[in-house]
Amino acid sequence: MDKMSGSIQLQLIGNRRASVGRNLIMIKMENFETMKSLKLTLILSIMLFCEMHDASAQRYRYHAAQRYNYDEGESMFFFGIGTGLDYGGLGVKIEGTPIPYLGIFGGVGYNFRGLGLNGGLSFKALPSKKLSPTIQAMYGYNAVIVVKELPEYSKTYYGPSVGAGLEWKLGRKPNKLSFAIYYPIRSDQYHKDIDDLKANPMIKFENEPLPITFSIGFNFGT
């Protein structure tokens, strides 16, 4: 009943109340149009920002491609030779970079007992610079015990390893020299076997195992 009486009152009061009603309608329409304009401006601003961001990303890839002589639409691949856990011991490494900051690699080589394998990820802090710090994480062989003339005591151990290093780009082509220091997270079995060998009077250690390992290699960009 309140809604009905209100509408009847608006009609009976005459021109003044009708004029007020028209002003209210006009104000509501103006507010509606203002909101539409604000929404349209916001949508256009977001679209413009997305276009500028995409263009900036494309320019980055273009300049990186021009600087290091590779096709901006393709991933870069590296083939390396060197020594260290990421090369499987003394061996080779293949690395792909689907994005400039990330490398996915695998290494295979000779670990002084047999075949050594490792695979992992490499984060590149400054991929467009000549010198780029790196952080690596991988899984594969991370320790070897070789006992001369007693092969039954020789073993290869597997587990994760983490490390940090430096990549140094050489020349106009994307070739690079890489250095790294790794901390292998070795198994309890490895430490137990080391202690047992040290307690064995028949076995003499030629060198004490280090808690860290080193890596160096030259990588050809393709």
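Where does Phe112 lie? In this predicted model, Phe112 sits in the loop that runs between β3 and β4, the latter spanning residues 115-124. Its backbone is worth a look, since phi of Phe112 comes out near 75 degrees, a positive value in a residue other than glycine. For context, most residues other than glycine have a negative phi. Phe112 is also exposed, with a relative accessible area of 57%; that puts Phe112 over the 50% cut-off for exposed residues.

Glu149 tells a similar story in another loop. Glu149 falls between β5 and β6, and its phi is near 70 degrees, again a positive value in a residue other than glycine. The relative accessible area of Glu149 is 78%, so Glu149 counts as exposed. A positive phi turns up at a glycine too: Gly88, in the hairpin of β1 and β2, has phi near 70 degrees.

Now to the barrel that these loops belong with. Eight strands close up in the order β1-β2-β3-β4-β5-β6-β7-β8, with antiparallel pairing. From one strand to the next, the twist averages 25 degrees. In general, strands of a sheet pair through backbone hydrogen bonds, and they can do so in a parallel or an antiparallel way.

Going round the barrel, strand β1 covers residues 76-84 and strand β2 covers residues 89-99, and nine bridges join the two in an antiparallel arrangement. Within this pair, Gly80 stands opposite Lys93 of β2. Four residues lie between the strands in the hairpin of β1 and β2. On to the next pair: strand β3 (residues 102-110) runs antiparallel to β2, and eight bridges hold the pairing. Here Glu95 has Phe105 of β3 as its bridge partner. The hairpin from β2 to β3 gets by with two residues. Further along, strand β5 (residues 131-145) and strand β6 (residues 155-170) are also antiparallel, this time with 14 bridges between them. Pro133 pairs with Leu166 of β6 in that stretch.

Glu95 comes up again among the charged side chains. As a general point, side chains of opposite charge can pair when their charged atoms come close. A search of the whole structure turns up seven salt bridges. One of them links Glu95 to Lys124, with the closest N and O atoms 2.7 Å apart. Because Glu95 is in strand β2 and Lys124 in strand β4, this pair ties together parts that are 29 residues apart in sequence. Glu95 also meets Lys176 in a salt bridge, at 3.0 Å from N to O. Lys176 belongs to strand β7 (residues 175-184) while Glu95 belongs to strand β2, so this contact ties together parts 81 residues apart in sequence. Lys124, for its part, has another salt bridge, to Glu167, and there the closest N and O atoms are 2.8 Å apart. That pair links distant parts of the chain, with Glu167 in strand β6 and Lys124 in strand β4, 43 residues apart. Through shared partners, these salt bridges join Glu95, Lys124, Glu167 and Lys176 into one network.

How accessible are these four residues? Relative accessibility is 2% for Glu95, which therefore counts as buried. Lys124 counts as buried as well, at 4%, and so does Lys176, at 3%. Glu167 is buried with a relative accessible area of 7%. The cut-off for buried is under 20% relative accessible area.

That leaves the open space. The largest pocket holds about 1,000 Å³. Its lining is made up of 33 residues, and those nearest the centre are Val144, Ile145, Val146, Asn207 and Pro209. Several elements each supply at least two residues of the lining: β1, β2, β5, α3 (188-199) and β8 (213-221). Of these, β5 gives the most, with five residues. As for chemistry, the lining of the largest pocket divides into 20 nonpolar, seven polar and six charged residues.

Terms used. Residues are numbered from 1 along each chain as its sequence is written. This is a predicted model: local features need pLDDT of at least 70, side-chain atom pairs count only at pLDDT 80 or more; totals for chains, interfaces and linings use all residues. Side-chain values use heavy atoms; hydrogens and water are left out. Two strands pair if DSSP finds at least two bridges between them. Axes are lines fitted to C-alpha atoms, for helices over the stretch in contact, and angles run from 0 to 180 degrees between N-to-C directions. Buried means under 20% relative accessible area, exposed over 50%, partly exposed in between (1.4 Å probe, protein chains only). On a 1 Å grid over the protein atoms alone, a cavity is a set of points where a 1.4 Å probe fits but cannot get out, and a pocket is an open set with protein on both sides within 12 Å along at least five of seven lines; lining residues have an atom within 4 Å of a point. Grid points are joined across faces, edges and corners, and a volume is the space filled by probe spheres set on the points. Ala, Val, Leu, Ile, Met, Phe, Trp, Tyr, Cys and Pro count as nonpolar, Asp, Glu, Lys and Arg as charged, and the others, Gly among them, as polar. A salt bridge is a side-chain nitrogen of Lys or Arg within 4 Å of a carboxyl oxygen of Asp or Glu.
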